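Subject: Structure handover

Hello,

Here is the structure I said I would pass on. Please open it next to this message, since the notes below are arranged by region.

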Amino acid sequence: VALALAEAKALAVARDRPGELVLGSDSLVEVEGRRFDKPASRDDAAGHLRFFAGKAMRLHSAAVLVRGNAVLWRHASLASLQ
């Protein structure tokens with residue numbers, strides 16, 4: 001998911017910048033198989049933190065480099081956070 005979002009972001013920006021290199025990135029947190037988006041409010045953030053307490057988190061990160069509509073490079077990684 002992070003890789004697809006990073007690519008979509010880079011391609012969207014590159015449409016307005018022909019010939020330029022554009023780097024898109026994204027990341028998401030997963031805990032116990034559940035994906036978490038950025039919290040929409042302080043209450044939402046507090047709920048996330050309560051759910052995360054004492055659990056391992058997995059951070060999915062990705063970056064994509066494009067020029068025009070061509071993907072030149074992509075990379076995704078996973079970090080486990082205890």
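What follows goes through the strands, the cores, two single residues and the main pocket.

Please keep in mind that this is a predicted model.

Strand pairing

β1 (21–31) pairs with two other strands. With β3 (57–67) the pairing is antiparallel and runs over ten bridges. L23 has L65 in β3 as its bridge partner. With β2 (34–36) the pairing is again antiparallel, over three bridges. There V31 stands opposite R34 of β2. The hairpin formed by β1 and β2 has two residues between its strands, and E32 takes a positive phi near 50 degrees in it.

β3 is also joined to β4 (residues 70–81), by eleven bridges, and these strands run antiparallel. R58 faces S80 in β4 across this pairing. Two residues lie between the strands of the β3 and β4 hairpin, where G68 has a positive phi near 65 degrees.

Nonpolar cores

The largest nonpolar core has nine residues: A2, A6, A10, A14, V22, L28, A62, V64 and V66. At least two residues come from each of α1 (2–14), β1 and β3. The biggest share is that of α1, with four residues. Another core lies apart from it and has five residues, including V29, V31, F36 and F52. As a general point, nonpolar side chains in soluble globular proteins tend to be buried together.

A10, one of the residues of the largest core, is in touch with V22, L23, G24, V64 and V66, when residues up to four places away in sequence are not counted.

L11

L11 also belongs to helix α1. Is L11 buried or partly exposed? L11 counts as partly exposed because its relative accessibility is 22%, and buried would require a value under 20%. Outside its neighbours within four places in sequence, L11 contacts V66, G68 and N69. G68 is the residue with the positive phi in the β3 and β4 hairpin. The C-alpha atoms of L11 and L21 are 10 Å apart, with the two residues ten apart along the chain.

The largest pocket

The largest pocket has a volume of about 220 Å³. Its lining is made up of 14 residues, and those closest to the centre are S27, L28, F36, D37 and K38. Two or more lining residues come from each of β1, β2 and α2 (42–52). β1 gives the most, with four residues. By type, the lining holds eight nonpolar, two polar and four charged residues.

Two of these central residues also appear in the cores: L28 is in the largest one, while F36 is in the core of five residues.

H48

H48 sits in helix α2, one of the elements that line the pocket. H48 is classed as buried because its relative accessible area is 12%, and the limit is under 20%. Which residues does H48 contact, leaving aside its neighbours within four places in sequence? The contacts are F36, D37, K38 and P39. F36, D37 and K38 are among the residues closest to the centre of the pocket.

That is what I have for now.

Regards

Technical notes. Residues numbered from 1 in each chain as written. Predicted model: local features only at pLDDT ≥ 70, side-chain atom pairs only at ≥ 80, totals over all residues. Heavy atoms only, no water. 1 Å grid on protein atoms, 1.4 Å probe; cavity = no way out; pocket = protein on both sides within 12 Å on 5 of 7 lines; lining within 4 Å. Points joined across faces, edges and corners; volume = space filled by probe spheres on them. Nonpolar A, V, L, I, M, F, W, Y, C, P; charged D, E, K, R; others polar. Buried < 20%, exposed > 50% of the residue type's maximum accessible area, 1.4 Å probe, protein only. Contact = heavy atoms within 4.5 Å. Core = buried A, V, L, I, M, F, W, Y, C linked by side-chain atoms within 4.5 Å. Pairing = 2+ DSSP bridges.
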